[in-house]
Amino acid sequence: MELPPLDGVNWVPLPEQLHSDETGRPFEACSICGGRVIDEGTPYLIEKGVLKGETIFEYAMCLPCRASMQAELSEDSMKRIEHYFDERVDLVERHRKLSEEHPDSVEPWMSTCLLSRRELGEEYQLFAQCDGPDLVFAYLPYAICGSEIENIQQVLSKETRERLDDFVDDVLGVPGDGLKLPVVI
Ligand SMILES: [Zn+2]
């Protein structure tokens with residue numbers, strides 16, 4: 001999504017909730033290309049899928065990998081997702097408000113669904129933007145609940161949905177059952 005750059009973003013050391021469940025430590029490398037992300041000054045993204053308190057998939061993705069994934073998705077799908085988000089959340093205003101009220105507390109940024117504003121329930125996904133060892137408070141982090149993930153799937157073109165399912169299958173090693181929305185979008 002194209003959003004204006006933000007001034008004065010705050011950051012905190014990556015909270016444990018966003019460490020890799022597999023290693024118990026912060027992600028050190030991009031899960032796709034293997035490039036290092038833990039070094040200061042390296043921007044990357046983290047996504048985790050949670051079901052009934054368990055992390056069912058997780059990965060870190062460097063920005064070049066994100067850009068090449070995005071380039072493969074249909075423009076129509078991207079536009080429809082943007083529209084879906086725009087109708088439900090003002091990300092600029094959200095950032096302003098949360099930065100003012102909770103400049104260094106992660107919980108309020110990820111405790112309810114970004115789109116439905118409801119409690120997260122049993123299934124949700126966490127999305128975070130990081131820089132080396134730090135979590136950045138920008139448009140991310142946020143959480144999206146399972147039913148909103150499902151709604152977003154509905155607005156994607158068939159080819160984009162298939163491409164994302166392949167990604168989830170191949171790269172993350174979990175079956176793409178249509179309920180996983182990679183952070184590429
Ligand atoms: Zn990468």
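This is a short chat about reading strands and burial in a predicted model.

User: Where do I start? How many helices and strands does the protein have?

Analyst: Start with the overall inventory. This protein comes to six helices and six strands. Going along the sequence, the order is β-β-β-α-α-α-α-β-β-β-α-α.

User: And what about its overall size and shape? What is the radius of gyration?

Analyst: The radius of gyration is 15 Å, and a compact globule with 185 residues would have one near 16 Å, so the two agree. Along the principal axes, the C-alpha trace spans about 40 × 35 × 30 Å.

User: Now the strands. Which way do side chains point in a strand?

Analyst: In a regular strand, side chains alternate between the two faces of the sheet. Try β5, residues 134–137: L135 and F137 make up its covered face, while D134 and V136 are on the uncovered one.

User: Let me try β6, residues 142–145. Which residues point one way and which the other?

Analyst: Y142 and I144 go one way, A143 and C145 the other. Here all four named residues are buried.

User: How do I tell which strands are partners? Which way do β4 and β6 run, and how many bridges join them?

Analyst: Look for the bridges. β4, residues 123–131, runs antiparallel to β6, with four bridges joining them. As an example, F127 has Y142 in β6 as its bridge partner.

User: What does β5 pair with?

Analyst: One partner is β4: three bridges join these two, again antiparallel, and Q129 is matched with V136. β5 also pairs with β1, residues 10–13, in the antiparallel sense over four bridges. In that pairing, N10 has F137 as its bridge partner.

User: What lies between β4 and β5?

Analyst: Two residues, and the two strands form a hairpin. Check G132 in the turn: its phi is positive, at about 55°.

User: Let's zoom in on one residue. Why does C130 count as buried?

Analyst: You count C-beta neighbours inside 10 Å, and the cut-off for buried is 20 or more. C130, which lies in β4, has 23 of them, so it counts as buried. Across the protein, 30% of the 185 residues count as buried.

User: Which residues does C130 touch, leaving out those up to four places away in sequence?

Analyst: L14, Y44, I46, L135 and V136. You can zoom back out from there: of the contacts in the protein with a separation of 6 or more, 66% come from residues 24 or more positions apart.

User: How far is C130 from N151?

Analyst: They're 21 residues apart in sequence and 27 Å apart in space, going from C-alpha to C-alpha.

Terms used
Residues numbered from 1 in each chain as written. Predicted model: local features only at pLDDT ≥ 70, side-chain atom pairs only at ≥ 80, totals over all residues. Buried ≥ 20, exposed ≤ 12 C-beta atoms within 10 Å, placed from the backbone. Pairing = 2+ DSSP bridges. Contact = placed C-beta atoms within 7 Å. Rg over C-alpha atoms; globule rule 2.2 N^0.38 Å.
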